[in-house]
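Work through the exercises below with the coordinates open, and try each task before reading its solution.

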Amino acid sequence: MMLVIPAQIYDQINDKCTEGLALALASNEDGAIMEFQWCNKAFTKITGYAVSEVIGQRGTILIGPDLGQDIHLYIIEKLMNWENFSTKALNNRKNGEVYWQRMSWIHLSDTETGDHWWLCSIIEEENEQAKSDKPEVEEPTTSDQESYARVFDKVQRLEKENTRLHQLAKSVAKDANEDALTGLSNRRHFEVEVKTWIENLKTRGTEFAVLYIDLDRFKFVNDTLGHEAGDRLLVSVANMLREMTCKTDLVARLGGDEFVILKPLGKSALNISSLADEIVRRTRETFTCDGKSTSCSASVGVAIAKAGMEDPEQIVADSDEALYHAKSQGKGRWSFFTEEMHANSIAVKQLASDLLLACERREFLPYFQPLIDAKSGNIIGAEMLVRWAHPTKGILPPIAFLDTAANMGILNRVDQIIFACLHGAMSRLDQAGANLPRVAVNVSAARLADPTFIHDIKSSGIDPRRLTVEILESVYLEQMGEVFRWTIDELDELGVTIALDDFGTGHASIRGLLEIRPDILKIDRHFIQPVVQEASTRPLVASIIEIGKGLGMRVVAEGVESEEHAQLVSDMGCDYLQGYYFGKPMSEDNLRKRLIETGGNLWTGRSLENDPIKDRGIGQAC
Ligand code: C2E
Ligand code: CA
Ligand code: CA
C-alpha cells in the first residue's frame with residue numbers, strides 16, 4: 001500500500017526541518033546537469049533565495065565563485081557519475097554574503113519513468129576563517145584528501161589531453177583550409193570566405209574587389225622544366241602575392257595555376273588597379289630554376305563588388321569573365337569587368353536556359369548540304385547540319401549556340417535530337433522520288449563516348465549503309481578510351497561510313513587519323529578556300545590529299561565556292577566536293593525540290609577539255 005504523507009506532516013517537514021532540502025531533476029545523460037524542482041524553507045533561509053527563485057535553477061546555485069577549483073571539479077565528477085557524496089563547500093547567498101555549507105547529495109531514480117533525481121541537503125557550518133571574512137577550504141579528512149588528489153590528477157591529465165586535441169583540431173582545420181603547396185587559402189576556404197564577404201557587403205556595405213589571376217605559360221614551364229620547377233614557380237608566385245597584399249586581404253590558390261585575391265575596396269579603386277598592374281609587371285620578370293630561366297606572365301581579371309549591386313553572388317564569375325577577356329586580348333595584361341561583359345554574361349546565361357528549353361521542346365532542325373562526286377558531278381549524299389528554330393530569333397546557325405551547348409555538356413543531347421529527325425526526313429525524300437543516296441551526320445567526341453549512340457543508330461530505322469558519321473574533335477579521342485574504340489568497331493561492323501572532319505585544323509590529328517582509319521578524309525574549308533587566289537597554299541593541300549590517298553581514303557574538299565575552285569580541287573585529286581557553289585545548307589523541302597529539279601546532277605560545268613587550270617603546275621598528288 002502506497003503511503004501518502006498527510007499534508008500537515010508534509011508542511012511541518014517543510015517548516016520545521018533545519019536542514020536545507022531540495023530536489024533536482026537531472027538530465028538522463030549527465031548527472032551534473034539538473035534543475036531544482038522543489039525546496040524547503042530552510043533551503044531558502046540558508047541560500048537567501050525565495051522558493052520561486054530556486055525552482056528552475058541549476059546546481060551552480062550552491063557553488064560560490066570563491067570555491068577552490070579542486071573541490072569544484074570533485075563535485076562535478078561525483079554528480080556526473082551519479083555517486084552519492086558529501087563535502088564542505090564555500091558558497092554565496094543571494095545578497096553576496098559568503099558562507100560555508102556541508103552539502104550532501106543523494107541519487108534517486110524513478111524506475112517507472114526512468115528519471116534521475118538528486119536530493120540535496122545543506123547545513124550551514126561555522127568556520128573561523130569565514131568569520132574573519134577570509135574563507136578557506138576546510139582541512140579535508142584523509143579520505144577526502146585522497147579523493148581530491150585523485151580527481152586533481154585526473155583533471156590535469158584531461159586538461160593536457162584536451163589541449164593536445166585542441167591543437168590537433170586547429171592544425172587539421174588549418175590543413176583543411178590551406179593549400180598544401182603554397183600555404184595560401186585553398187578553394188574550400190576561399191568559397192567559405194567569399195560568402196562571408198558577400199554577406200558583409202549586403203549587410204554592412206563593405207565593398208571589395210576580386211582579382212582572378214591565371215598564369216599564362218604555366219603548362220609550358222611544367223612541360224619544359226619539370227613539375228618540381230612548376231611547383232617552385234607556384235610557390236614564388238604565392239609569396240609574391242603575399243608580399244603585395246595586406247593582412248585584411250585574402251589570397252587563395254584555387255588549384256593549378258589559378259589564384260584569387262579578395263581585397264576591401266577602401267576609398268578608391270586606384271589601389272586595386274595598381275595591384276593588378278604590379279601583378280602583371282612582376283610575373284613578367286624572369287623566373288630561374290636550377291640555373292634555367294624562363295618567364296611566365298599572368299593575366300588578371302578584376303571585378304568590384306559594390307554595395308547595392310544586383311547579383312553579388314556573381315562577383316567571382318564576373319572576375320573570371322574579365323580574366324577571359326584579358327587572355328583573349330593577348331595575355332600578360334589585366335582587365336576590369338565591364339558593362340559589356342556583364343551584358344555578354346547575361347546573354348550567355350539566357351542562351352543556356354533557352355537551350356535547355358529548346359532541348360525539351362526539340363526545337364532543332366536538320367539542314368542539308370549536298371556532296372558532289374568530282375568526276376560525275378552527281379550528288380552522292382548530303383551533310384546534315386543542325387539549325388535551331390528559335391521561337392523569336394528565327395533559324396539560328398550552329399555558331400550561335402553549339403559552343404554554349406558544349407560548355408553546358410548538352411551537345412550530346414542536341415546530336416541525339418537531330419539524329420532522331422533523320423529517318424523521317426530520309427523516308428520522305430525517298431517517297432518523293434528525290435534520290436539522296438546517303439547522309440552524313442556530325443558527331444561530337446561526347447556522342448562517340450556515349451554507349452547509347454550505337455543503340456540509337458540500330459533502332460533508328462536508317463539503313464546503316466546510307467549513313468556516314470563525321471567525327472569532330474578527333475584530338476580528344478585518345479582520352480576517350482574503350483567506349484570510343486568499341487563504337488568505331490561497331491560502326492564499321494554495321495557498315496556505316498566513317499569520315500574524319502576538319503582535317504588540317506587543330507580539331508583533327510594525324511594520330512586520330514591513324515587510330516580511326518576512316519573511309520573519308522574531309523579537308524577543312526580554311527585550307528581549300530585560298531587555293532585559287534594563293535598558289536602557295538596548294539602544296540599543303542596536295543600533301544593532305546596524298547596522306548589520305550596513301551592510306552586508301554577518299555578525300556572531300558569542303559568550302560568549294562566557285563567553278564574555278566571546283567575544277568582546281570578536283571584536278572588536285574579530291575574525290576568529293578562540298579560548298580556554297582553547289583548549295584548552301586538547306587531545309588528538307590528545298591533539298592527535295594533541288595534533287596527533283598536537277599535529277600541529282602548538281603555540277604554540269606565539269607569540262608576538262610576547256611579547263612583553264614590544266615597547265616597551272618599543281619602539286620604532285622594530282
Ligand atoms: P562542319 O562540319 O565543318 O560543317 C561545314 C560548315 O561549313 C557548315 O557550317 C557549312 O555551312 C559551312 N560551309 C559549307 N560550305 C561552305 C562554303 O563554301 N563556304 C563557307 N564559308 N562555309 C561553308 P555550319 O552549318 O554553320 O556548321 C558549322 C559547324 O557546326 C560544322 O562544321 C560542325 O562542326 C558543327 N555542326 C553542325 N551541325 C552539327 C551537328 O548536328 N552536331 C554537331 N556536333 N556539330 C554540328
Ligand atoms: Ca562536318
Ligand atoms: Ca568540316
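The exercises that follow concern a predicted model and take up a bound ligand and then two metal sites.

**Exercise 1. Describe where ligand 1 sits and which residues and elements surround it.**

Step 1. Begin with the site itself: ligand 1 occupies the largest pocket, and the elements that contribute two or more residues to the shell around it are strand 14 (379-390), helix 14 (411-431) and strand 18 (497-503).

Step 2. Among these elements, strand 14 gives the most to the shell around ligand 1, namely four residues.

Step 3. Turning to individual residues, 23 lie around ligand 1, of which Q369, D415, R525, E561 and Y580 come nearest; by character, the shell divides into ten nonpolar, five polar and eight charged residues.

**Exercise 2. Identify polar side-chain contacts of ligand 1, and state how much of the ligand the protein buries.**

Step 1. Take the nitrogen atoms of ligand 1 as the starting point: a polar side-chain atom of E561 lies 2.5 Å from a nitrogen of the ligand, and a polar side-chain atom of D415 is found 2.7 Å from a ligand nitrogen.

Step 2. Then consider oxygen: an N or O atom in the side chain of N442 is 3.1 Å from an oxygen atom of ligand 1.

Step 3. For the burial, the ligand taken alone exposes 790 Å², and the protein buries 86% of that area.

**Exercise 3. Work out the coordination of the calcium ion (ligand 2), and explain why its donors connect separate parts of the chain.**

Step 1. List the donors, which are E383 (OE), N442 (OD1), E470 (OE) and D501 (OD), at 2.1 to 2.3 Å from the calcium ion (ligand 2).

Step 2. Write their spacing in sequence, which is E-x58-N-x27-E-x30-D.

Step 3. Because E383 belongs to strand 14 and E470 to strand 17 (residues 467-471), this pair ties together parts that are 87 residues apart in sequence.

**Exercise 4. Repeat the analysis for the calcium ion (ligand 3), and find what links the two sites.**

Step 1. The protein donors of the calcium ion (ligand 3) are D501 (OD), D502 (OD) and, entered twice, E558 (OE), lying 2.1 to 2.7 Å from it, with the donor residues spaced D-D-x55-E.

Step 2. Since D502 lies in strand 18 and E558 in the loop between strand 20 (554-557) and helix 21 (563-571), the pair ties together parts that are 56 residues apart in sequence.

Step 3. The link between the sites is D501, which coordinates both calcium ions, ligand 2 and ligand 3, and these are 3.9 Å apart.

Note on methods:
Residues are numbered from 1 along each chain as its sequence is written. Chains are lettered from A and ligands numbered from 1 in the order in which they are written. This is a predicted model: local features need pLDDT of at least 70, side-chain atom pairs count only at pLDDT 80 or more; totals for chains, interfaces and linings use all residues. Side-chain values use heavy atoms; hydrogens and water are left out. A residue is near a molecule or strand if one of its heavy atoms lies within 4 Å of it. A polar contact is a pair of N or O atoms within 3.5 Å; within protein, one must be able to donate a hydrogen and the other to accept it, and residues adjacent in sequence count only if both atoms are side-chain atoms. Accessible areas come from the Shrake-Rupley method with a 1.4 Å probe; for residues, only the protein chains shown count as cover. On a 1 Å grid over the protein atoms alone, a cavity is a set of points where a 1.4 Å probe fits but cannot get out, and a pocket is an open set with protein on both sides within 12 Å along at least five of seven lines; lining residues have an atom within 4 Å of a point. A molecule sits in a cavity or pocket if more than half of its atoms lie within 2 Å of its grid points. Ala, Val, Leu, Ile, Met, Phe, Trp, Tyr, Cys and Pro count as nonpolar, Asp, Glu, Lys and Arg as charged, and the others, Gly among them, as polar. Donors are N, O and S atoms within 2.8 Å of the metal (3.2 Å for Na, K and Ca); water is not among the atoms, so sites may look incomplete.
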